[in-house]
Amino acid sequence: MNEKDKISSTNKIIVELLAKHQWIHNFQVTKFFIEKPWNHIPEEWKNVLTRLTTEELNSLPFGYSKEDWPESLKKFITTASEMALPRKISEENKSCCLDPQIKRGMNPKKQHEVSHMSALINDISVRTGCDVVIDVGSGLGYLGHVLTSVYGLKVIGLESKQSHTTGADKRLFSDTDDKIINVTFEMEDTPENRLEFKSLMKSCFQKFRKSECGKDMDCDGPKVSLSDSNLVNHSATNILTQQKNTESEQCDACLAESNQAPIQTDSDKKSNEQGDGPNTTLTGNDVTKSDVYRCLLIGLHCCGDLTPAMLRVYSEADFVRGLCCVSCCYHRMVSQEGTYPHFPMSKELDTVMSKNRLTPSAPFLRLGAQETGARWKTKSEESHQSHVKAVAYRSLLELYAHQENVEFSKLFRRIATAGDFENFDGYIEKTLSRCQFSSTHGKDSMRTKLKALYAEYHLYFQYVEVITV
C-alpha cells in the first residue's frame with residue numbers, strides 16, 4: 001500500500017471509529033460534568049483505565065496493553081496506535097546560529113523556531129531554485145530577517161496588521177533593507193484576493209529589480225507576466241503602486257532577459273509538470289528567464305483558513321515554485337451555517353464523513369489539536385494532576401452556570417494562573433474576582449453551591465486523564 005492509499009485508509013478508519021463513538025467528536029472539555037462522558041466508557045474498560053499507573057497511562061498511546069485486559073480495549077488501543085503517522089525528528093537539516101543582534105526581541109521559543117525553520121527554508125529554496133521567499137503572516141519579521149542576513153535570500157513579508165509591518169521595518173539593518181519588503185496584506189482564498197496578490201508581487205519584483213540594476217536607474221525590469229489572467233490594482237489596500245502603462249527604460253541585463261524566452265503562464269506550468277502535480281521538484285532549467293524570480297511560499301503558525309489559501313496560491317501562481325508551511329490551530333477558521341468551507345479539503349474524506357453523518361464542529365476539530373504523543377509520554381504525576389484540576393475546576397464552573405441558568409464572562413484574559421489551581425477554594429476566590437456573573441445571588445451563596453458541586457463530582461475527577469488519553 002502506498003503512502004496516499006495508507007492515509008486514505010486511515011481517514012476512513014478514523015471516521016468509522018468516530019461514528020461508532022459519537023460522543024467523542026461532540027464532547028467539550030469545559031462541559032465535562034454536564035455531558036458526563038464517562039457514561040459512554042464500557043464498564044470493563046473503566047476497571048482497567050482508572051487503575052493505571054503514571055507510566056502505563058503515558059504508554060497507552062503507543063500501543064501498551066496487558067494480557068488480562070478486555071479484548072475490545074486491546075483492539076481499540078492497537079488500532080489507534082497503528083493509525084498514528086510517523087513523527088520522527090529529521091536530522092537532515094541543522095539549525096542555524098543566530099547572531100545576538102538578530103536574536104533581539106526573540107524569546108527562547110521563537111529562537112528555536114526561527115533557527116530550525118530558516119535552515120529548512122534555505123534547504124528547500126536551494127532544491128527548488130527559489131531566490132525570493134514570500135513569508136505569509138510574517139509578524140515582526142524575525143524569520144525573514146534571518147533568511148536575509150544569514151542566507152542572503154530576498155524576502156517579501158506579508159502581514160495583516162499594520163503595526164507588525166511597521167515593527168518589522170524597524171528591525172531592518174542598512175545592509176538588508178534592499179532585500180526585504182514588508183507590506184500589509186491579508187491572504188484569503190478568493191479569486192479577487194489572488195489577483196491582488198499577484199499584482200502586489202509584481203510590484204515587489206520590480207522594486208527588487210530596480211535595486212539590482214542600480215538605484216539611480218529607472219528600470220522596471222524585464223517585461224513579464226505573472227499570470228495568464230489580467231492583473232488588477234486595488235487602490236483601497238493602499239499597498240500597491242500604480243503600474244506604468246508606458247514603456248520605461250530598461251538596463252541591458254533586463255532587456256536581454258525580456259528577449260530570451262517566451263512568457264510562461266499558469267497553464268504552461270501545469271503542462272510542463274507532466275501531471276506530477278505542484279509538488280514536482282523544479283530546477284533552474286525548468287523555469288524560463290521570464291519568470292524573473294522563483295518564489296518559495298512560507299508560513300510559520302498559519303492560523304485558520306490561511307493554509308488553504310496558501311495551497312491555492314501555490315497551485316495556481318506560476319512564479320511560486322515551492323511551499324513550506326507550518327499550520328496552526330483551527331480557532332480562526334471561517335464558519336458558515338455551522339460548517340467550515342475549508343474543512344475537510346479532501347473530497348474523499350468529506351464523502352466518508354457525510355456518509356457517517358459526522359460534522360466538523362469545534363469539539364471535533366479540537367481532536368486534531370491535541371499535544372503530541374512525545375509530550376504525553378514524558379508527563380509526570382504532578383503534571384497529570386495539574387491538568388486534572390485545570391479541566392475539572394473550569395468544568396465545575398460551567399456546571400454551576402448551567403444549573404443556575406447563569407451567564408458569566410471573564411474580566412481578564414485568564415480566569416486563573418497555574419498557582420490558583422492548588423485547591424478549589426483558591427480557584428473559587430480568583431474566579432469570583434476575575435469574572436462577572438449575571439446571577440442575583442451573592443458571592444457567599446455562589447461559594448456554597450460551587451463547593452457542594454465539588455463534593456458531589458470529585459469522584460469523577462479520575463476520568464479526566466482517561467478521556468484525554
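## The main nonpolar core

In this predicted model, the largest nonpolar core takes in 43 residues, and the members that touch the most others are Phe-33, Tyr-427 and Phe-437. Quite a few elements chip in with at least two residues each: helices α3 (32-35), α4 (43-49), α6 (71-83), α17 (381-404), α18 (424-434), α19 (443-457) and α20 (464-468), along with strand β7 (435-437). The top contributor is α17, which puts in 9 residues.

Phe-33 is a good place to start looking around. Once you skip its neighbours within four places in sequence, Phe-33 is in contact with Trp-38, then with Ala-392, Ser-395, Leu-396 and Leu-399, and finally with Tyr-457, Tyr-460 and Phe-461. A separate core of 27 residues lies apart from this one, and its members include Ile-156, Leu-158, Met-187 and Leu-200.

## Lys-36, just past α3

Lys-36 sits in the loop that runs between α3 and α4. Its relative accessibility is 28%, so Lys-36 counts as partly exposed. Leaving out residues up to four places away in sequence, Lys-36 touches Lys-31 and Tyr-457. Tyr-457 is also on the contact list of Phe-33.

Tyr-460, another contact of Phe-33, makes a nice long-range pair with Lys-36: 424 residues separate the two in sequence, yet their C-alpha atoms are 9.0 Å apart in space.

## Backbone oddities

A bit of background helps here: most residues other than glycine have a negative phi, and most peptide bonds are trans. Lys-36 goes the other way, with a positive phi of about 50 degrees although it is not a glycine. His-301 also has a positive phi, near 70 degrees. This histidine belongs to strand β4, and its relative accessible area of 33% is why His-301 is classed as partly exposed.

Then there's the peptide bond from Phe-343 to Pro-344, which is cis, with omega near -5 degrees. Pro-344 is part of the loop between β5 (320-327) and α14 (347-355).

## Two cavities

Rolling a probe the size of a water molecule over the atoms shows where empty space is left. Searching the whole structure turns up 2 cavities of 30 Å³ or more. The largest has a volume of about 50 Å³. Its lining is made of Asp-135, Leu-140, Gly-141, Gly-144, His-145, Val-155, Ala-168, Arg-171, Leu-172, Ile-180 and Asn-182. Helix α8 (142-151) and strand β3 (180-184) are the elements that give two or more residues to this lining. By class, the lining of the largest cavity splits into 5 nonpolar, 4 polar and 2 charged residues.

The second largest cavity comes in at about 30 Å³. Around it you'll find Tyr-393, Leu-397, Phe-424, Tyr-427, Ile-428, Thr-431 and Leu-450. Tyr-427 is a familiar name, being one of the best-connected members of the largest core. Two or more lining residues come from each of α17 and α18, and α18 gives the most, with 4. This lining has 6 nonpolar residues, 1 polar residue and no charged ones.

## The second largest pocket

The second largest pocket holds about 910 Å³ of space. It is lined by 33 residues, and those closest to its centre are Gly-137, His-301, Cys-303, Leu-306 and Arg-332. So here is His-301 again, the β4 residue with a positive phi.

Elements that supply two or more residues to the lining of this pocket are α7 (108-128), β1, α8, β2 (154-159), β4 (295-302) and α13 (306-316). Helix α7 gives the most, with 3 residues. Sorted by class, the lining of the second largest pocket has 14 nonpolar, 9 polar and 10 charged residues.

## Where to trust the model

Mean pLDDT for the protein is 79, with 75% of residues at 70 or more. Among the elements, strand β1 (residues 132-136) has the highest mean pLDDT, 96, and helix α12 (residues 266-272) the lowest, 42.

Two stretches call for caution. Residues 223-248 stay under 50 in pLDDT, and the model has 56 contacts for them beyond four places in sequence. Residues 258-291 are also below 50, with 60 contacts in the model beyond near neighbours in sequence. Where pLDDT is low, the predicted coordinates should not be read in detail.

Note on methods. Residues numbered from 1 in each chain as written. Predicted model: local features only at pLDDT ≥ 70, side-chain atom pairs only at ≥ 80, totals over all residues. Heavy atoms only, no water. Core = buried A, V, L, I, M, F, W, Y, C linked by side-chain atoms within 4.5 Å. Buried < 20%, exposed > 50% of the residue type's maximum accessible area, 1.4 Å probe, protein only. Contact = heavy atoms within 4.5 Å. pLDDT = per-residue confidence, 0-100. 1 Å grid on protein atoms, 1.4 Å probe; cavity = no way out; pocket = protein on both sides within 12 Å on 5 of 7 lines; lining within 4 Å. Points joined across faces, edges and corners; volume = space filled by probe spheres on them. Nonpolar A, V, L, I, M, F, W, Y, C, P; charged D, E, K, R; others polar.
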